[in-house]
Amino acid sequence: MPRYFFHVRRNDVFEEDSEGIDLASPELACEEATLSAREIVAERIRTGNPADGGAFEIMTEDGSLVATVPFRSAIRLD
């Protein structure tokens, strides 16, 4: 099973995920990123912090970019 890494980019700050997670497909990696982004945004809102500006950069073990999932894409405001 492939390992995916969920690096976080916020403005000029890059937080590297050194552990990653084993998932069966890139689609499941995107779903996992969306769920995690919702948790991050919810926590930021609860603590009174801005909820925008961040994104997951999902990468494979060989460093290939699978997808970028902006945190704001994980929430609905309608």
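In which loop, between which two strands, does Asn 11 lie? In this predicted model, where local features need pLDDT of at least 70 and side-chain atom pairs count only at pLDDT 80 or more, totals for chains, interfaces and linings use all residues. Residues are numbered from 1 along each chain as its sequence is written, and side-chain values use heavy atoms, with hydrogens and water left out. Asn 11 lies in the loop between strand S1 (3-10) and strand S2 (13-15), where helices (H or I, at least four residues) and strands (E, at least two) are DSSP runs, numbered from the N terminus. Although Asn 11 is not a glycine, its phi is positive, at about 55 degrees. With a relative accessibility of 65%, Asn 11 counts as exposed, the terms being set so that buried means under 20% relative accessible area, exposed over 50%, and partly exposed in between (1.4 Å probe, protein chains only).

The chain as a whole contains one helix and five strands, which follow one another along the sequence in the pattern β-β-β-α-β-β. Its radius of gyration is 13 Å, close to the 12 Å that the globule rule gives for 78 residues, so the chain is as compact as a globular protein of that length; the radius is taken over C-alpha atoms, and the rule is 2.2 Å times the number of residues to the power 0.38. The C-alpha trace spans about 35 × 25 × 15 Å along its principal axes, and 29% of the 78 residues count as buried. Among contacts (heavy atoms within 4.5 Å) with a separation of 6 or more, 44% are made by residues 24 or more positions apart.

The chain exposes about 5200 Å², of which carbon and sulfur atoms supply 50%, with accessible areas coming from the Shrake-Rupley method with a 1.4 Å probe and, for residues, only the protein chains shown counting as cover.

Attention may next be given to the aromatic rings. Rings of Phe, Tyr and Trp (its six-membered ring) pair if their centres lie within 6.5 Å, and planes under 30 degrees apart count as stacked, over 60 as edge-to-face and the rest as tilted; by this rule there are two aromatic pairs. In one of them, the rings of Phe 6 and Phe 56 have centres 6.0 Å apart and planes at 85 degrees, so the pair is edge-to-face. Because Phe 6 lies in strand S1 and Phe 56 in strand S4 (residues 54-60), this pair ties together parts that are 50 residues apart in sequence. Phe 6 and Phe 56 are both buried, and together with Phe 71 they form one aromatic cluster.

The surroundings of Phe 56, whose relative accessibility is 5%, extend beyond these rings. Leaving aside neighbours within four places in sequence, Phe 56 is in contact with a set of residues that includes Phe 6, His 7 and Val 8, as well as Ala 33, Ser 36, Ala 37 and Ile 40, and also Ala 67, Thr 68, Val 69 and Phe 71. The C-alpha atoms of Phe 56 and Arg 72 are separated by 11 Å, with their positions 16 residues apart along the chain.

Thr 68, one of the contacts of Phe 56, lies in strand S5 (residues 65-70) and, at 46% relative accessibility, counts as partly exposed. From C-alpha to C-alpha, Thr 68 and Phe 56 are 5.6 Å apart in space, while they are twelve residues apart in sequence. Outside the neighbours within four places in sequence, Thr 68 is in contact with Ala 55, Phe 56 and Glu 57.

Strand S3 (residues 21-22) holds Ile 21, which counts as partly exposed at 31% relative accessibility. Its C-alpha atom is separated by 5.3 Å from that of Arg 3, 18 residues away along the chain. When neighbours within four places in sequence are left aside, Ile 21 is in contact with Pro 2, Arg 3, Tyr 4 and Phe 6.
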